[in-house]
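Here's a quick briefing to go with the model you're about to open. Have the viewer ready and follow along topic by topic.

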There are 2 protein chains.
Amino acid sequence: MLIECIPNLSEGRRPEVVAAMAAAISAVPGVRLLDHSSDASHNRSVFTLVGDAGGVQHAVLALFERAIAEIDLRTHRGEHPRLGAVDVVPFVPIEGVTMAECVALAKTVGAAVAARYGVPVYLYEEASDNPARKNLEDIRRGEFEGLAAKMATPGWTPDFGPAAPHPSAGATVIGARMPLIAYNINLATNRLDVAKKIAAAIRHSSGGYRYVKAAGFTLDDRGIVQVSMNLTNYEKTPIFRVFETVRREAARYGVAVLESEIVGLIPSAALNAAAEHYLQIAGFKADQVLEYKLRATANLKSGI
Amino acid sequence: MLIECIPNLSEGRRPEVVAAMAAAISAVPGVRLLDHSSDASHNRSVFTLVGDAGGVQHAVLALFERAIAEIDLRTHRGEHPRLGAVDVVPFVPIEGVTMAECVALAKTVGAAVAARYGVPVYLYEEASDNPARKNLEDIRRGEFEGLAAKMATPGWTPDFGPAAPHPSAGATVIGARMPLIAYNINLATNRLDVAKKIAAAIRHSSGGYRYVKAAGFTLDDRGIVQVSMNLTNYEKTPIFRVFETVRREAARYGVAVLESEIVGLIPSAALNAAAEHYLQIAGFKADQVLEYKLRATANLKSGI
């Protein structure tokens, strides 16, 4: 079982504090800290760790302990909006784990954070059943400075913990979401209006697909335009459907797709779904992928 | 580094002997025996193991030691053609290893087998530079009973070891090959002639793609026909090109592709290549696959 967790901490100016937090995560058995980076102007750090449910839970709780000891939101300043010392904690299913299990983990960790540290917790994205409290920006609006007033407003009782902010650590937003795919399609034209029209056609906010954010840009150095996208749930809005829709919309203007590009990482399931679609593969199962099968057997044998 | 090795042994009737061979493989550090199966009428067993180059090499040598002690080709009978006690040993690159490294491994193991056990070794498939000695069937023609005469014929000096068979263990064929993909395309018709014409169009033996074996069949229970294929090198003859060719050829007869199916396992690279092709992804790299990246990092950290 492999769960990714990307805690966002409201501390990006004291390297020794961030290093101690990284060490606390790395010390947890069954967890690997893949990356951490800090931004001084945001005064914020992002940690990327992976592990099984138990390991990731222990790492997050260890992080809370240090964050509450070290961070005081009453004196914290930075460009990035934030509600709490540990600001946001998303859990992302990677391999051998379902979204439902990540939602359950978010709730378990949320309850534990509230019980141990007295920090109120809002659930978000897939872990929230409340449409008004799914979107991180909606929950965080007003920031730490407006939190006490917001929490006293109807509809803003937290999912776990006291109905008032922790004095120094504020509140925390914990949830589960799919891995993001940053995906661009380059068009064989310099017409920015075409890229913008296609972006508007496919993005959720203007009537397009539910899990697509998109904008049109010019790539000046190449003399072409790009439809730049974030795909926020590749299972429900698959990459091949978005690609084919962009291609059809572009053809409407006599424009061809030049190429597409994946920025950063993509889950293998998203690529497999595209292969399965175009090759019309019936009855395909993930454990038909050779490497997956070999790993599953290896893990079984070594008891991992 | 993950190499698959599938030794074929000329013993399928004495379970205790096969079990001892399986135990000898499993005892080698860095090697996992994924599967073994025996066929009494073939009097033959197939082992599937994975590991790094050193581990797989030790496992094969351990297998030779037991095979030479236990198997005598002079009294061996079975339906399956065979040259030796350890009949065939292919090495297959799976992850983090190139074909060139598997070829080098085949040569190292071949030399070691000849030096330690006095068994002559023929290289085959990618490990052989001799067009007449690439194909397993060509090397094995005449079987153990005709081996002494064959080895005395010009062009049949082995790649390693003596120019005469080992008295009881015969000779061994060792090489490197790509993973096979068993791939079928079902057509929305009951016309067997169409399936057979398409199979002939795409298979190597009748003028088609270099790494395709194909035949046309009727699926009686469904009232449709199938083009059944083995893709023997998915890098050089990719699955998407074969699929599109079948689709075009079928359209020529007014027939549509109903679906395709992958039988058994498929390397993720073969699926990724299809996604990359249809989505026109430029500059895609294997380490953009999330799970691959996470595993690579995990291996680095734990020193595996």
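Chain A has 9 helices and 11 strands; helices (H or I, at least four residues) and strands (E, at least two) are DSSP runs, numbered from the N terminus. Its radius of gyration is 21 Å, close to the 19 Å that the globule rule gives for 304 residues, so chain A is as compact as a globular protein of that length. For the record, that radius is taken over C-alpha atoms, and the globule rule is 2.2 Å times the number of residues to the power 0.38. This is a predicted model, so to speak of local features pLDDT must be at least 70, side-chain atom pairs count only at pLDDT 80 or more, and totals for chains, interfaces and linings use all residues. Residues are numbered from 1 along each chain as its sequence is written, while chains are lettered from A and ligands numbered from 1 in the order in which they are written.

**Overall layout of chain A**

- Along the principal axes, the C-alpha atoms of chain A fill a box of roughly 60 × 50 × 40 Å.
- The domain assignment splits chain A into domain 1 (2–176) and domain 2 (181–266), with bounds that come from an automatic or database domain assignment.
- The C-alpha centres of domain 1 and domain 2 of chain A sit 32 Å apart.

**The β3/β4 hairpin in chain A**

- Strands β3 (residues 31–39) and β4 (residues 44–51) of chain A pair in the antiparallel sense over 8 bridges; two strands pair if DSSP finds at least two bridges between them.
- Within this pairing, L33(A) stands opposite L49(A) in β4(A).
- β3(A) and β4(A) make a hairpin with 4 residues between them, and N43(A) in the turn has a positive phi of about 50°.

**The four-stranded sheet in chain A**

- Chain A has an open sheet of 4 strands in the order β9-β10-β8-β11, with antiparallel pairing.
- At the edges stand β9 (212–219) and β11 (257–263) of chain A, each with a single partner strand, so one side of each is left without a neighbour in the sheet.
- The twist averages 20° from one strand to the next.
- Strand β8 (residues 181–187) of chain A runs antiparallel to strand β10 (residues 224–231) of chain A, and 7 bridges join them.
- One register to check is Y183(A), whose bridge partner in β10(A) is M229(A).
- Helix α6 (residues 192–202) of chain A lies across β8, β9 and β10 of chain A, running at about 175° to β9(A); axes are lines fitted to C-alpha atoms, for helices over the stretch in contact, and angles run from 0 to 180 degrees between N-to-C directions.

**The sheet in chain B**

- In chain B, an open sheet of 4 strands has the order β9-β10-β8-β11, with antiparallel pairing.
- β9(B) and strand β10 (residues 224–231) of chain B pair in the antiparallel sense over 8 bridges.
- T218(B) stands opposite V225(B) in β10(B).

**How the two chains relate**

- A turn of 179° with a shift of 0.0 Å along the axis lays chain B on chain A with an RMSD of 0.1 Å; this is the relation of a two-fold axis.
- The copies are superposed by least squares on the C-alpha atoms of residues with pLDDT of at least 70 in both.
- Of the residues of chain B, A275(B) comes closest to the rotation axis, at 2.4 Å (C-alpha).

**The interface**

- 40 residues of chain B are in contact with 40 residues of chain A, where contact puts the C-beta atoms, placed from the backbone, within 7 Å.
- On the side of chain B that touches chain A, α9(B) gives the most, with 7 residues.
- By class, that side of chain B has 25 nonpolar, 8 polar and 7 charged residues; Ala, Val, Leu, Ile, Met, Phe, Trp, Tyr, Cys and Pro count as nonpolar, Asp, Glu, Lys and Arg as charged, and the others, Gly among them, as polar.
- Since 100% of the interface residues of chain B are also interface residues in chain A, the copies meet through the same surface.

Note on methods:
Contact = placed C-beta atoms within 7 Å.
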